[in-house]
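Work through the exercises below with the sequence and the model open beside you, and try each task before reading its solution.

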Amino acid sequence: MGYKFYFAAGSQDLYGNECLDHVREHAEAMVKALNASGNLPFELVFRPTLLTSEGIFRFFSEANDDDECAGTIVWMHTFSPAKAWIKGLMAARKPILHLHTQFNEALPFSSIDMDFMNENQSAHGDREFGFMMTRLGIPREVVVGHWSHKDVQDRIAGWMQTAIGVIASGKVRVCRLADNMRDVADTEGDKVETAIKFGWTVDAWPANEVVKYVDAVSAKEIGNLTDEYYSEYKILLEGRDEKEFRRHVEVQAGIEIGFERFLSERGYNAVVTHFGDLGGLKQLPGLAIQRLMEKGYGFGAEGDWKTAALVRVMKEMTGNKGTSFFEDYTYHLVPGSEAVLEAHMLEVCPTVADGDISIKVCPLSMGSREDPARLVYTCRTGKAIAVSMVDMGGRLRLIINDVECLPVPEAMPKLPVATAYWKPMPDLIRGAEAWILAGGGHHTSFSYNLSSHQMKAWAEAMGIEALVIDSSLDIDDFKDKMRWNEIYYRR
Ligand code: MN
C-alpha cells in the first residue's frame with residue numbers, strides 16, 4: 001500500500017492573522033521541501049494549522065480513519081496551549097512524531113524583534129506540547145534539529161519505517177501447519193496476548209489441507225516455474241543424476257505454487273512449517289519457502305509463529321529488503337575473531353544474499369522425507385540486527401542485538417545451506433551472555449535494513465518490553481534493566 005503521513009503545525013490566534021499566514025506558509029514550504037528531498041520513503045501530506053480542541057480532534061480522527069495514513073508529524077510553530085490537544089491526543093491511534101524544529105536555521109541577530117520572537121517560538125511551544133504528551137504517557141519519536149538537515153530527515157525516514165511496522169502489525173495473518181515442535185519452549189507463546197498487543201491472527205491448519213493445494217498444481221505450472229528456477233539460479237548437480245535432480249526441484253515448485261495459492265486465498269501473509277508434521281508433502285518446503293519469503297511472506301520454522309509474524313512485520317518495515325528468518329547454529333571461538341554461524345535447515349530468505357544463488361539437492365538429517373531442493377548462497381557483510389520475541393509468562397519481551405556480518409574466513413564447500421556469519425555486539429562473548437540472560441530464543445528475525453533504535457521504538461509503540469544489546473553493553477547495567485523491567489511491565 002502507498003502509505004502517507006499527515007503533517008500539521010500547531011499554533012493559536014493570539015498573534016493575529018498575519019502571524020497565522022506565516023505559520024501556514026512556513027509549514028507548507030517545509031512539507032514541500034521534505035517531500036522534494038528524496039530522503040523520505042513516504043509522502044507527507046500538508047494539513048491546515050491546528051488551533052482549537054475541535055480542529056485537533058478532527059485532525060487525529062481523520063488520521064485514524066484514513067487507511068493510507070500511517071502516522072502523524074506535528075510541530076508547534078508558535079505557542080500552542082496544550083490543553084487544547086488533550087482530546088485529540090487521547091483519541092490518536094496512529095504513531096506520532098514530534099518534530100522539534102523551527103523555520104529559520106539561523107537567528108537573525110541584527111534584525112530580531114519581539115514580533116519575530118513571538119512568531120518563531122518552537123523552543124517554547126514544543127516544550128508545552130511535549131509536556132502534555134509525557135503527561136498523557138503517549139509513546140512518540142522526538143526529532144530535534146533544522147528540518148533541512150540530512151540527519152533530521154534521516155531520522156524522520158527511520159521513524160516512518162517504525163510507523164509502518166506498527167500499522168502493518170495489525171494486518172499480520174500467520175498460517176501454521178501443525179503445532180510447535182515437541183518439547184521446544186522458546187518458540188511458544190500466548191496467542192491471545194499477541195492478538196491484543198499486535199493484532200496478529202495466528203491460525204493452525206492440518207498440513208494435509210495445504211497439501212491438497214500442492215497436489216492440485218498442474219504439471220504445466222510446475223514445468224514453467226522449474227524452468228524459471230533453472231534460468232534464474234545456478235544448478236549444482238554435484239554428481240546427482242540430472243533428471244532425478246530436476247524431479248526434486250519440481251517438487252518444490254509444486255509446493256511454492258500450492259502454498260501461495262492456499263495462503264493468498266485466505267489472506268495469510270506469513271507461514272510456519274514443522275519438519276516433523278508434513279502430512280503428504282514429499283519434501284520439507286525449502287526452496288519453496290525461500291521463494292515465498294523473497295515475495296514478502298513471514299516465516300518461522302518448527303512452528304515458530306512469533307518469529308514468522310515478526311519477520312513479516314520487519315519485511316513490511318523495510319519494503320522487503322534484506323530481511324530473513326535465521327537460527328543461531330554454531331560458534332567460532334578463536335580468541336579475537338569470535339563469531340556465530342547462522343543458517344537453518346534450508347529456509348533463509350534470498351533478500352539477504354550476496355552474489356550468485358544456486359540450487360542444491362541434499363539429504364536432510366532430520367524428518368522422514370526425500371532430499372529437498374534448496375537455494376544456497378552466502379549473505380552480505382555489514383551491520384544488521386537480530387531480533388527475538390519471547391513470552392515471559394504474562395508479557396512479551398523483545399531482544400534486539402546489533403550484529404556485524406563478516407566474510408567467512410574460509411570457504412565451506414560441504415555446507416548445503418545459505419549462511420550468515422556474524423559478530424554480535426559488543427562481541428560474541430558478552431553479546432551471547434546478555435542474549436541468554438535475557439532469555440532470547442534460538443530463532444531470530446534478522447535485517448540489514450533496520451536499526452535497534454527502530455525496533456525499540458516499535459516495541460514501545462506496541463507497549464512491550466525491549467532490551468537492546470549493542471556496543472555500549474554493560475552486563476551489570478543490563479541485569480539491572482531486566483530487574484526494573486520485571487516490575488514496570490508486570491500487570
Ligand atoms: Mn530451527
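**Exercise 1. Describe how much area domain 1 and domain 2 bury between them, and find the residues of domain 1 that supply most to it.**

Solution. Start with the area itself: in this predicted model, domain 1 and domain 2 bury about 1,100 Å² between them, and 55% of that area is on carbon and sulfur atoms. Next, look at the side of domain 1, where Gln-161, Thr-162 and Ser-169 supply 47% of the area that this domain buries against domain 2, more than any other three residues. Then place the two parts on the chain, which is divided into domain 1 (4-169) and domain 2 (173-488). Finally, count the residues that take part: 11 residues of domain 1 are in contact with 16 residues of domain 2, while the centres of the two domains, taken over C-alpha atoms, are separated by 38 Å.

**Exercise 2. Find the residues that coordinate the manganese ion, and state whether Glu-302 and Glu-327 are buried or exposed.**

Solution. First list the donors: the manganese ion is coordinated by Glu-302 (OE), Glu-327 (OE), His-344 (NE2) and His-443 (NE2), at 1.9 to 2.3 Å. Along the chain, these donors follow the spacing E-x24-E-x16-H-x98-H. Glu-302 lies in the loop between β10 (298-300) and α12 (305-318), whereas Glu-327 belongs to strand β11 (residues 323-332), so the pair ties together parts that are 25 residues apart in sequence. For the last step, recall that buried means under 20% relative accessible area; Glu-302, at 7% relative accessibility, counts as buried, and Glu-327, at 10%, counts as buried too.

**Exercise 3. Describe the surroundings of Ser-11.**

Solution. Begin with its position, which is in the loop between β1 (4-10) and α1 (16-36). Ser-11 has a relative accessible area of 0% and is therefore buried. Its side chain makes a polar contact with the side chain of Thr-78, at 2.4 Å. Leaving aside neighbours within four places in sequence, the residues in contact with Ser-11 include Leu-20, Val-23, Leu-50 and Phe-79.

**Exercise 4. Which residues of the largest nonpolar core touch the most other members?**

Solution. Of the 32 residues in this core, those that touch the most other members are Tyr-229, Phe-326, Val-352, Ile-359, Tyr-377, Trp-422 and Phe-446. The elements that give two or more residues to the core include α9 (219-232), α10 (242-265) and β17 (420-424). As a last step, follow Trp-422: leaving aside neighbours within four places in sequence, its contacts include Phe-326, Val-340, Val-403 and Phe-446.

Note on methods. Residues are numbered from 1 along each chain as its sequence is written. This is a predicted model: local features need pLDDT of at least 70, side-chain atom pairs count only at pLDDT 80 or more; totals for chains, interfaces and linings use all residues. Side-chain values use heavy atoms; hydrogens and water are left out. Donors are N, O and S atoms within 2.8 Å of the metal (3.2 Å for Na, K and Ca); water is not among the atoms, so sites may look incomplete. Helices (H or I, at least four residues) and strands (E, at least two) are DSSP runs, numbered from the N terminus. Buried means under 20% relative accessible area, exposed over 50%, partly exposed in between (1.4 Å probe, protein chains only). A polar contact is a pair of N or O atoms within 3.5 Å; within protein, one must be able to donate a hydrogen and the other to accept it, and residues adjacent in sequence count only if both atoms are side-chain atoms. Contact means heavy atoms within 4.5 Å. A nonpolar core is a set of buried Ala, Val, Leu, Ile, Met, Phe, Trp, Tyr and Cys residues joined through side-chain atoms within 4.5 Å. Domain bounds come from an automatic or database domain assignment. Buried area is the accessible area (1.4 Å probe) that two parts lose on being put together, summed over both.
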